[in-house]
Amino acid sequence: MLKKKRIIIFLIIILLVSSFLSFTIGQMKIELSELFDPYTQLVIFQFRLPRLLCAILVGGGMALLQNDLADPGVIGINSGISFFVLLYILVSGTDIFLDYVWMPLAGMIGAVITIGLLMFLIYEKERGIDPIRMTICGVALNLGFQGLILFFSAKLNRQKFSYVQLWNAGILTGTDWLKIALLITILVIIGVILWKYQDVLNIFSLGKESVITLGVDLKKQTIILISLAGFLAAFTIAFGGSIPFVGLIAPHIARRLVGSNHRYSLWVSMLMGCLMVIIGDSLSRSLMSTGEIPTGIILSLIGVPYFIYLLKKERA
């Protein structure tokens, strides 16, 4: 127990150091001697700090639900959310305030429809829900929604097309304090629910047979947990863009560090997710002298090989 607490404290320290380093990286480098300069404070409080907090919240949120292969990005939920948000952008006007309401709502509708479609494809009364079947069907849904996204993106005007391309690639620019407040609210609510569910999550980690033996309703609890993943993904994607593989890599590393007890692995997974997005965002702003690479692209380059490794491990 003491070792696990030390790991959590160590990750918090790494997170604070990474946050400080990320805070100083960008087109304008911030020196400690310039902290009280009015222009520097404008850059800090209007751009750097909201973006840093968005990276922390999006990373932590995407890493909360833990399954080796059922990351919302892998099983098609993220793509379904992105498609419905795209449809909203296609028909919406220019009222930015409404984006805070309707973009997450469109994402939630996409999550519900995608989850329903996924359950229809994978659930069998005799066999229940098979993780490998869920992954294969999810990848197929993912490809289908990506094709629809490309098709409908061609119908956007130039301004909306540029916005969608950057947003779909997972870029964190344009974050403000209202988005931060909404993300904090949603994460606190879902975090409390998951904390209440930690015993159920621990039982799930024992395997399908143990879940049934202990009297847990496998179908009901699976749908609830996947729905929570979709709900959380709807908000994080609407505000942070489509950033893949965080929900796949962070929980797996967390279990390697502290085991499968969700009393600890939830915290470690969340911290790892925060670190992944902060590091990805820092790299996105530092690898090019002009402009930046979307954070989602950086994390995709890391996530694809890791996903192949997990599939091979699952087969073995």
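# Exercises on a helical chain

Ser284 has a relative accessible area of 0% and is buried. The model is predicted. The exercises begin with this residue and then turn to the helices and loops.

**Exercise 1. Place Ser284 in the chain and list its partners.**

Step 1. Find the element. Ser284 belongs to helix H12, residues 262-286.

Step 2. Check the burial. The cut-off for buried is under 20% relative accessible area. Ser284 has 0%, so it counts as buried.

Step 3. Look at the side chain. It reaches the backbone oxygen of Asp281 at 2.6 Å.

Step 4. Set aside the neighbours within four places in sequence. Ser284 then contacts Arg51, Glu292, Ile293, Pro294, Thr295 and Ile298.

**Exercise 2. How do H2 and H12 pack, and which residues make the contact?**

Step 1. Take the geometry. The angle between H2 and H12 is about 135°, and their axes are 6 Å apart.

Step 2. Classify the angle. H2 is therefore oblique to H12.

Step 3. Give the hand. H2 crosses H12 in a right-handed sense.

Step 4. Name the residues. H2 contributes Arg48, Arg51, Leu52, Ala55, Ile56, Gly59 and Gly60. H12 contributes Met270, Gly273, Cys274, Val277, Ile278, Asp281, Ser284 and Arg285. Ser284 from Exercise 1 is thus listed on the H12 side.

**Exercise 3. Describe the packing of H11 against H12.**

Step 1. H11 covers residues 246-258. It packs on H12 at about 130°, with the axes 8 Å apart.

Step 2. This angle makes H11 oblique to H12.

Step 3. The crossing of the two helices is right-handed.

Step 4. On the H11 side, the residues are Val246, Ile249, Ala250, Pro251, Ile253, Ala254, Leu257 and Val258. They meet Tyr264, Ser265, Val268, Ser269, Met272, Gly273, Met276 and Val277 of H12.

Step 5. Compare the lists. Gly273 and Val277 of H12 appear here and also in the contact with H2.

**Exercise 4. Is the packing of H7 on H10 roughly parallel or roughly antiparallel?**

Step 1. H10 spans residues 218-240. H7 and H10 pack at about 165°, and their axes are 10 Å apart.

Step 2. Angles over 145 degrees count as roughly antiparallel. H7 is therefore roughly antiparallel to H10.

Step 3. The crossing is left-handed.

Step 4. From H7, the contact uses Lys179, Leu182, Leu183, Ile186, Leu187, Ile190, Ile193 and Leu194. From H10, it uses Leu225, Leu228, Phe231, Leu232, Phe235, Thr236 and Phe239.

**Exercise 5. Check the span of H3, then its burial.**

Step 1. H3 runs over residues 77-91, which is 15 residues.

Step 2. At 1.5 Å a residue, H3 should span 21 Å.

Step 3. The end C-alpha atoms are 22 Å apart, so the two values agree.

Step 4. Count the buried residues. They are 12 of the 15, and H3 is mostly covered.

Step 5. Name them. The buried residues are Ile77, Asn78, Ser79, Gly80, Ile81, Ser82, Phe83, Phe84, Val85, Leu86, Tyr88 and Ile89.

**Exercise 6. Find where Leu172, Pro72 and Val216 lie, and decide how each is classed.**

Step 1. Leu172 sits in the loop between H6 (158-168) and H7 (177-196). At 1% relative accessibility, Leu172 is buried.

Step 2. Its C-alpha atom is 7.7 Å from that of Asp281, although the two residues are 109 apart along the chain. Beyond four places in sequence, Leu172 contacts Arg51, Cys54, Ala55, Gly240, Ile243, Val277, Asp281 and Thr295.

Step 3. Pro72 sits in the loop between H2 (38-62) and H3. Its relative accessibility is 10%, so Pro72 counts as buried.

Step 4. Pro72 and Phe245 are 173 residues apart in sequence, with their C-alpha atoms 8.5 Å apart. Beyond four places, Pro72 contacts Ile77, Asn78, Ala229 and Ala233. Ile77 and Asn78 are among the buried residues of H3.

Step 5. Val216 sits in the loop between H9 (208-213) and H10. With a relative accessible area of 17%, Val216 is buried. The C-alpha atoms of Val216 and Phe204, 12 residues apart along the chain, are 9.1 Å apart.

**Exercise 7. How many helices and strands does the chain have, and what share of its residues is buried?**

Step 1. There are 13 helices and zero strands.

Step 2. Of the 316 residues, 49% are buried.

Step 3. Take the contacts with a separation of 6 or more. Residues 24 or more positions apart account for 78% of them.

Definitions and conventions
Residues are numbered from 1 along each chain as its sequence is written. This is a predicted model: local features need pLDDT of at least 70, side-chain atom pairs count only at pLDDT 80 or more; totals for chains, interfaces and linings use all residues. Side-chain values use heavy atoms; hydrogens and water are left out. Helices (H or I, at least four residues) and strands (E, at least two) are DSSP runs, numbered from the N terminus. The expected span of a helix is 1.5 Å times one less than its number of residues. Buried means under 20% relative accessible area, exposed over 50%, partly exposed in between (1.4 Å probe, protein chains only). A polar contact is a pair of N or O atoms within 3.5 Å; within protein, one must be able to donate a hydrogen and the other to accept it, and residues adjacent in sequence count only if both atoms are side-chain atoms. Contact means heavy atoms within 4.5 Å. Axes are lines fitted to C-alpha atoms, for helices over the stretch in contact, and angles run from 0 to 180 degrees between N-to-C directions. Angles under 35 degrees count as roughly parallel, over 145 as roughly antiparallel, 65 to 115 as roughly perpendicular and the rest as oblique. A crossing is left-handed if the near helix is turned anticlockwise from the far one by less than a right angle, and right-handed if clockwise.
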